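Me: Could you take a close look at how this chain is divided into parts, and at what lies within them? I would like one connected account rather than a list.

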Amino acid sequence: MPGTICVTGGGPAGLMAAIAAARSGSVVTVMDHSGGAGTKLLLTGGGRCNITCFLHSADFVRRLGPKGRFLGHALASMSPGATREFFSLAGVPTTVEADGRVVPVSQRAVDVRRALLEMAATLGVRLQTSVDVTGIKRLDDGWAVTTGSGSHRFDKVILATGGMSYASTGSDGSGYRLATALGHTLTRPVPAEVPLISADLDTSRLQGLSVEPVAISINADRRPRTRGSLLFTHFGLSGPAVLDISGDVSRMLDEGTPVTLSIDLLPDTPAKEVDEMLQSDPRCIQGRLPSRLAAFLKDGAISDWRPGRPNPIKRFTVKIARTRGFDHAMVTRGGIVTGEIDPATMQSRLHPGLFFAGEILDLDGPMGGFNLQIAWATGHLAGTSASAG
Ligand SMILES: Cc1cc2nc3c(=O)[nH]c(=O)nc-3n(C[C@H](O)[C@H](O)[C@H](O)COP(=O)(O)OP(=O)(O)OC[C@H]3O[C@@H](n4cnc5c(N)ncnc54)[C@H](O)[C@@H]3O)c2cc1C
């Protein structure tokens with residue numbers, strides 16, 4: 001039965017949960033400790049907001065691997081197609097880019113945020129900003145939410161406090177403490193979609209250089225984990241292909257496993273052909289690779305290369321010292337263990353009346369609109385279920 005709901009965290013997941021719950025008749029309050037809700041949204045997609053991806057729900061789940069199965073019900077509640085329809089009806093029509101990313105036609109993240117805030121306001125959602133939620137306690141007949149102004153009673157609580165990347169936007173990991181204090185388990189958070197700092201490569205000559213396509217493997221991987229564009233920076237490596245595998249690298253480093261990336265700089269050319277090229281005339285790599293990189297390799301790795309040894313173009317290795325950390329990570333990997341959440345409702349299996357949505361959960365997707373889609377879908381399902389149950 002609809003009642004009073006406190007949504008803790010006014011990011012994409014929290015705002016979507018609030019809208020869904022209010023539409024179902026609940027009296028909804030959103031509390032966010034930053035100065036304004038949806039702050040991180042403004043940074044998304046470089047200010048253009050890659051709102052979702054052009055995929056059917058089944059393909060979306062497949063792209064996420066084993067963890068994706070948790071999202072079946074949430075995506076049935078709000079699929080990528082439904083996200084587009086939702087925003088179109090809210091006055092933010094979207095368009096599909098060549099790589100399947102969906103962005104607003106206006107290319108403005110600010111329009112996405114404004115549409116959410118306007119819709120929430122129209123539905124009577126009470127938005128309280130600069131309100132830090134410091135405690136959540138179960139009562140006999142509901143929940144007590146503690147803030148600087150005291151304790152406030154609600155029938156239900158939805159925790160949508162995000163992860164801990166870009167803490168300046170408000171996602172400072174404090175939601176993890178609220179959940180673990182209630183007995184939920186936390187998978188240790190590590191930065192994902194984050195640039196990597198090299199331990200052994202002096203990138204000063206390569207800084208700013210982009211190479212595409214490359215294929216990247218980690219340690220003894222037989223098959224590349226990713227393929228795409230690589231960017232050399234003053235500290236090491238970035239670019240979509242590196243960001244794509246950075247969550248895996250981050251987790252390995254956190255567990256104490258040393259990481260060396262093996263980069264195939266000519267993934268479409270067979271190793272034998274590259275070997276022959278180097279044996280006959282190393283200068284011919286000039287036409288095959290960006291000139292700065294070709295010169296860098298010729299002065300270094302190629303001059304030491306002998307037939308029979310790993311080819312430095314097919315196996316350009318970079319040892320990784322560390323990631324650039326949460327301040328530069330677009331996403332948090334880890335979070336509240338999904339096994340403790342009912343995927344059909346987003347309700348805690350430990351506490352009836354407590355719901356979860358968004359990046360606070362141990363769920364993250366690749367780049368390309370996956371993470372916002374997770375926020376929309378889990379937020380929509382949490383809001384609808386909290387209102388119904
Ligand atoms: C630079 C950047 C670019 C990105 N680009 C994209 C993109 O284009 N496409 C995409 O799919 N994803 C993108 N992402 C990821 C995406 O923004 C996140 O996955 C998404 O914002 C998660 O939504 P959320 O609502 O779960 O959490 P958040 O957006 O982190 O929101 C959580 C909210 O909770 C509030 N909060 C936290 N703790 C408390 C507390 N104790 N009390 C009160 N309030 C609290 C915070 O202030 C915050 O407003 C990007 C991320 C970054 C950093």
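**The two domains and what lies within them**

Reply: The C-alpha centres of domain 1 and domain 2 lie 37 Å apart, in what is a predicted model. Domain 1 is made up of two stretches of the chain, 4–189 and 331–388, while domain 2 covers 196–323. Where the two domains meet, five residues of domain 1 are in contact with seven residues of domain 2, and the side of domain 1 that touches domain 2 consists, by class, of two nonpolar and three charged residues, with no polar ones.

Turning to the interior, the largest nonpolar core has 71 residues, and those with the most contacts inside it are Ala-17, Ala-18, Ile-158 and Phe-356. Of these, Ala-17 can be followed in detail: leaving aside residues up to four places away in sequence, Ala-17 touches Val-7, Ile-158, Ala-160, Ala-357, Gly-379, Ala-382 and Gly-383. Apart from this core lies another, of 36 residues, which includes Leu-243, Ile-313, Met-330 and Val-331.

There is also an open sheet of three strands to consider, with antiparallel pairing and the order β3-β5-β4. Its edge strands, each pairing on one side only, are β3 (52–53) and β4 (94–96). Between β4 and β5, the latter formed by residues 101–104, the antiparallel pairing extends over three bridges, and within this part of the sheet Thr-95 stands opposite Val-103 in β5.

Methods:
Residues numbered from 1 in each chain as written. Predicted model: local features only at pLDDT ≥ 70, side-chain atom pairs only at ≥ 80, totals over all residues. Core = buried A, V, L, I, M, F, W, Y, C linked by C-beta atoms within 7 Å. Buried ≥ 20, exposed ≤ 12 C-beta atoms within 10 Å, placed from the backbone. Pairing = 2+ DSSP bridges. Helix = DSSP H or I, 4+ residues; strand = E, 2+ residues; numbered from the N terminus. Domains from an automatic or database assignment. Nonpolar A, V, L, I, M, F, W, Y, C, P; charged D, E, K, R; others polar.
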